[in-house]
Amino acid sequence: MKRALIVIATLALSLSVRAESRSEALLNQITFNPPLGAAVPLDTVFKDEAGAEVRLGDLFHGKPVVMAPVYFECPMLCTLTLNGLLKAARAVRPTAGPDFTVVAFSINPKDTPALAAAKRESYAKGYNRPGSDGGWRFLTGTPESIATLSRALGFTYVYDAATGQYGHASALAVLAKDGKIVRGLDGPEFEPKDLKLALIEAAEGRIGTPIEKALMYCYSFDGSTGRYSMQIMKVVRTAGAATALLLGLGIGYQVRKERRRAADAGAAS
């Protein structure tokens with residue numbers, strides 16, 4: 001009996017080690033390294049929520065695009081990614097639709113336009129902002145079109161036949177109106193500040209308030225964290241220059257005031 005238990009325990013340990021090794025091998029194939037400044041292939045064709053063919057470039061409309069590689073029957077991570085994007089998008093201005101477009105495309109070629117339509121309805125309803133019609137798009141594609149776009153985004157994933165699921169990163173790519181990759185953001189939680197600054201950067205200052213645009217001077221993108229961080233020295237230099245200017249203006253005002261007072265005193269005598 002004891003020998004049988006030892007054999008069972010050994011087999012279980014062996015299977016566990018193999019599973020862990022296999023899992024690590026799969027994880028090593030998952031990456032998100034967007035080539036900043038490179039353009040995605042805008043002629044790539046997908047299907048929209050109604051099943052009609054749509055060229056990727058036709059979804060930009062002269063505005064930035066936030067691109068989310070997901071799949072629609074993902075049991076957990078994709079939903080967390082899209083929910084994180086929704087939460088961040090609801091917390092910021094500009095607005096999806098008039099100012100930018102969210103494009104989520106499925107990495108699973110078996111996903112259908114019907115699934116895409118259901119996702120679009122759900123997230124458009126969750127966003128629920130006036131004027132945001134057409135701001136959220138969900139696409140399906142062929143293995144070739146999915147691979148082409150994913151490769152251009154620096155997004156690699158792997159299909160696990162044992163579970164029937166895809167291993168992939170939680171990430172967004174923010175693209176300019178010409179399809180060039182401006183920023184990659186790591187999820188599944190996305191800071192509203194990071195999304196806003198990436199959109200302002202992608203729009204080349206055409207969106208955002210003057211104050212928000214000025215923030216771009218004080219923040220830089222930290223590739224190691226996937227976040228925008230404040231550049232302390234730049235802020236200090238800016239604050240120092242502003243202080244010096246204000247001090248100079250104050251001194252100039254006082255000098256003119258004293259001269260005027262002296263001139264008035266001389267005239268009175």
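How many salt bridges does a search of the whole structure find? Five. I will come back to them in a moment. A caution first: this is a predicted model.

Let me start with the overall picture. The protein chain has 269 residues, and 39% of them count as buried. Its secondary structure comes to seven helices and 13 strands. The accessible surface is about 14,800 Å², and carbon and sulfur atoms hold 59% of that. Now the contacts with a separation of 6 or more. In this chain, 72% of them join residues 24 or more positions apart.

Next, the sheet. Five strands form an open sheet, and the order is S6-S5-S4-S10-S11. The pairing is mixed. Which strands stand at the edges? Strand S6, residues 136-139, and strand S11, residues 181-186. Each has a single partner strand, so one side of each has no neighbour in the sheet. On average, neighbouring strands are turned by 20° against each other, direction ignored.

Look at the S11 end. Strand S10, residues 171-175, pairs with S11 in the antiparallel sense, over five bridges. One residue pair to find on screen: alanine 173 has glycine 184 in S11 as its bridge partner. Helix H5, residues 192-202, packs on this sheet. H5 touches strand S4 (65-70), S10 and S11. The direction of H5 makes about 170° with that of S11.

Stay in that region for one backbone detail. The peptide bond from glycine 187 to proline 188 is cis, with omega near 10°. Proline 188 is in the loop between S11 and H5.

Now the core. In soluble globular proteins, nonpolar side chains tend to be buried together. Here the largest nonpolar core has 58 residues. Those with the most contacts inside it are Val66, Met67, Phe105, Trp136, Leu153 and Leu195. Which helix gives the most to this core? Helix H2, residues 77-90, with six residues.

Take leucine 153 as a case. Set aside its neighbours within four places in sequence. Leucine 153 is then in contact with Phe32, Asn33, Pro34, Pro35, Val40, Met67, Phe105, Ala173, Leu175 and Ile181. Two of these names, Met67 and Phe105, are on the core list as well. Ala173 you have already met, as the bridge partner of glycine 184.

Back to the salt bridges. Glutamate 49 takes part in two that I want to show. In one, arginine 120 is the partner, with the closest N and O atoms 3.3 Å apart. Arginine 120 lies in helix H3, residues 113-127, and glutamate 49 in the loop between strands S2 (45-47) and S3 (53-55), so this pair ties together parts 71 residues apart in sequence. In the other, the side chain of glutamate 49 meets that of arginine 137 at 3.0 Å, N to O. Arginine 137 is in strand S6, 88 residues away from glutamate 49.

Are these three residues buried or exposed? Glutamate 49 is buried, at 10% relative accessible area. Arginine 137 also counts as buried, at 13%. Arginine 120 is partly exposed at 26%, because buried means under 20%.

A further salt bridge joins aspartate 58 and arginine 55, at 3.1 Å, N to O. Aspartate 58 counts as partly exposed, at 43%. Arginine 55 is partly exposed too, with 32%. Salt bridges that share partners join Asp43, Arg55 and Asp58 into one network.

Last, a few more backbone points. Most residues other than glycine have a negative phi, and most peptide bonds are trans. Along with the cis bond before proline 188, the bond from arginine 93 to proline 94 is cis, with omega near 20°. Proline 94 lies in the loop between H2 and strand S5 (101-106).

Then there are two positive phi values to check. Histidine 61 has a phi of about 55° although it is not a glycine. Its place is the loop between S3 and S4. Histidine 61 is exposed, with a relative accessible area of 55%. Asparagine 128 has a positive phi near 50°. Asparagine 128 sits in the loop between H3 and S6. At 64% relative accessibility, asparagine 128 counts as exposed.

Methods
Residues numbered from 1 in each chain as written. Predicted model: local features only at pLDDT ≥ 70, side-chain atom pairs only at ≥ 80, totals over all residues. Heavy atoms only, no water. Core = buried A, V, L, I, M, F, W, Y, C linked by side-chain atoms within 4.5 Å. Buried < 20%, exposed > 50% of the residue type's maximum accessible area, 1.4 Å probe, protein only. Helix = DSSP H or I, 4+ residues; strand = E, 2+ residues; numbered from the N terminus. Contact = heavy atoms within 4.5 Å. Pairing = 2+ DSSP bridges. Axes fitted to C-alpha atoms, helices over the stretch in contact; angles between N-to-C directions. Areas by Shrake-Rupley, 256 points an atom, 1.4 Å probe, with all protein chains shown as cover. Salt bridge = Lys/Arg side-chain N within 4 Å of Asp/Glu carboxyl O.
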